[in-house]
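The following exercises are intended for a reader new to this structure. Please study the sequence and the model before attempting each task.

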Amino acid sequence: MDTILHYIRQYAETQPDVPAVCELRKKATYREYWDNIRRMASALRNTGVQKGDHVVLRCTQNIDYLTIFSALQYIQALVVPVEKSASPERISEIGSRVDARWLISDKEAEDMTLIKQKDLVEQAKKSDVLDLELPDSDSRSMLLFTTGTTGASKGVVVLHRNDVGIAGNVIHGTSMKKGNVEIIPMPLNHSFGIRRYQSDMVNGGTVCLMDGMVFIGTLWKLVEIYGATSMAISPASLGMIFHLSGDRIADYADRFDYIQIGSAPLAENDKERLLRLLPHTRLYNFYGSSEAGCACILEFSGNGNKPGCIGRPTVNSVVRFTDDDGNVIENGSPENPALLSWGGSIVMEGYYNDPELTSEILVDGFVRTRDLAYLDEDGDCILVGRADDVINYGGSKISPAEIEDLALGYTHIDDVAYSSVADPITGELPVILIVQKDGYDESEFEQFLADRLESYKLPRKYIYVENIPKTFKGSVLRKEVRKLAEQYA
């Protein structure tokens, strides 16, 4: 079918009494949800919102938000979701960049007409359903703002066929069953949260909404009340579950069919703990972006032990490997990894009002990344690292992340970063920065690495530091590490 709305309408007819969206104290069946979307569409029209208008919508992480979101799509206005905590200045900036006429929020922002969400909700209750033709697959679904690795904010124009294609990837990649009941505490203005909701709508399942993990008791109540069978969470959310509830998740080991984790790297100790507590639950991580969602998915409770493995390309994804000049390379190899590109129905229309960046990233229908990877003999995609991060030591390419993951297996290291310094002969000379623990022995550590690495990957210098520069999410700040390495070496 063409859009997520087509599926909601179909299930309103074929399974009208099945819950579509739920909160702790509120729910809507598919019939109720579809009627509420059409009543909200009528309220929006009466307020003045028309087809083609650009509307900034502040996320409130509840059923009302999803109803407004879907109603905007129904009348074919372009919805621009923004995070709940966004400042008026940030909302004004986004509104200006996307030519937004309307703002649905509780607070005003410059140059947009404010519609208060609570007023809209009350008006919708008194409105009749609005019957319209549904949008087609090639029309615009939403405009997602993403930060990206450069830190530059970009507006990603998403089509309805992208939504359906990505939903198919999630459903197929997780082996989602009919009747799935999924808890989603992730922000519904970001690609992770909204796309997991959309997947359940395509599958005819039930979405249980939470506003983060601060009130952890809500999670367990949702599990009990609605019989949740899955969750879509971030590594930070998983950390909160462990911090606030200990090992309680093990009480539901026979209830959860799967858990999917995304948006940031998963700490190895949390991964091992989850595997131990939920031995019969399928556990997934995924690779993708706002530009091309859920391109790869990995069941790390299965074959997830390969270093750098991000899983296999999903059902609606087409993987392509190229060199720096854009020439296609057959699958790459461990010795010569290549740049990843993604095609298929998951690929965005482009960046809003930025044809130059669009033409740079979107080439021949493929979204180009700066990730180096290859397909192994099993068809798994092995990520070597960012092209800008990979170290070229005399013509041999080395992934810092691979060395760091391995080095952290040595008991007496607290943290580590692999980098390089300039060298007149080889171009770059590999070095390693180490935060020691008690009992550390350099000779022993050298032997530990030598037993596990090819000789060209071994660091040529060992540098001892107090801490490793990282982002608030725990990612290594490569440029800062390189500066430290040059300073000490």
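## Exercise 1: A salt bridge and its two partners

Glu454 is partly exposed, with a relative accessibility of 39%. The model is a predicted one.

Task: Determine which residue forms a salt bridge with Glu454, and classify that partner as buried or exposed.

Solution.
Step 1. The partner is Lys457, and the closest N and O atoms of the pair are 3.3 Å apart.
Step 2. The relative accessibility of Lys457 is 8%. Because buried means under 20% relative accessible area, Lys457 counts as buried.

## Exercise 2: A pair within one helix

Task: State where Lys483 and Glu480 lie, and describe the accessibility of Lys483 and of Glu480.

Solution.
Step 1. Lys483 and Glu480 form a salt bridge, with 3.6 Å between the closest N and O atoms.
Step 2. Both residues belong to helix H14 (residues 478-488); they are three residues apart, about one turn of the helix.
Step 3. Lys483 has a relative accessibility of 54% and is therefore exposed, whereas Glu480, at 36%, is partly exposed.
Step 4. A further case involves shared partners: Asp35, Arg38 and Asp131 are joined into one network by salt bridges.

## Exercise 3: A pair between distant parts of the chain

Task: Identify which parts of the chain are linked by the pair Arg255 and Glu224.

Solution.
Step 1. The side chains of Arg255 and Glu224 meet in a salt bridge, at 3.7 Å from N to O.
Step 2. Arg255 is in the loop between helix H9 (235-245) and strand E12 (258-261), while Glu224 is in helix H8; the two are 31 residues apart.
Step 3. Arg255 is partly exposed at 34% relative accessibility, and Glu224 is partly exposed at 46%.

## Exercise 4: Surface patches

Task: Name which residues form a nonpolar patch and which form a negative one.

Solution.
Step 1. The nonpolar patch consists of Val214, Phe215, Met240 and Leu244, with about 400 Å² of accessible area together.
Step 2. Val214 is placed in the loop between strand E10 (206-209) and helix H8 (216-226), and Val214 is exposed at 59% relative accessibility.
Step 3. The negative patch is formed by Asp441, Glu442, Glu444 and Glu446.
Step 4. Glu446 is in helix H13 (residues 442-450) and is partly exposed, at 35%.

## Exercise 5: A buried residue

Task: Describe where Gln73 is placed and which residues Gln73 touches.

Solution.
Step 1. Gln73 is in helix H3 (residues 63-74) and is buried, with a relative accessible area of 5%.
Step 2. Leaving out residues up to four places away in sequence, Gln73 touches Leu5, Val79, Pro135, Ser141, His160 and Asp163.

Terms used:
Residues are numbered from 1 along each chain as its sequence is written. This is a predicted model: local features need pLDDT of at least 70, side-chain atom pairs count only at pLDDT 80 or more; totals for chains, interfaces and linings use all residues. Side-chain values use heavy atoms; hydrogens and water are left out. Helices (H or I, at least four residues) and strands (E, at least two) are DSSP runs, numbered from the N terminus. Buried means under 20% relative accessible area, exposed over 50%, partly exposed in between (1.4 Å probe, protein chains only). Contact means heavy atoms within 4.5 Å. Patches are made of residues with over 30% relative accessible area and no salt bridge: like charges are joined within 9 Å, nonpolar side chains (Val, Leu, Ile, Met, Phe, Trp, Tyr) within 5 Å. Accessible areas come from the Shrake-Rupley method with a 1.4 Å probe; for residues, only the protein chains shown count as cover. A salt bridge is a side-chain nitrogen of Lys or Arg within 4 Å of a carboxyl oxygen of Asp or Glu. Lys and Arg count as positive and Asp and Glu as negative; His and the chain ends are not counted. The place of a charge is taken as NZ of Lys, CZ of Arg, CG of Asp or CD of Glu.
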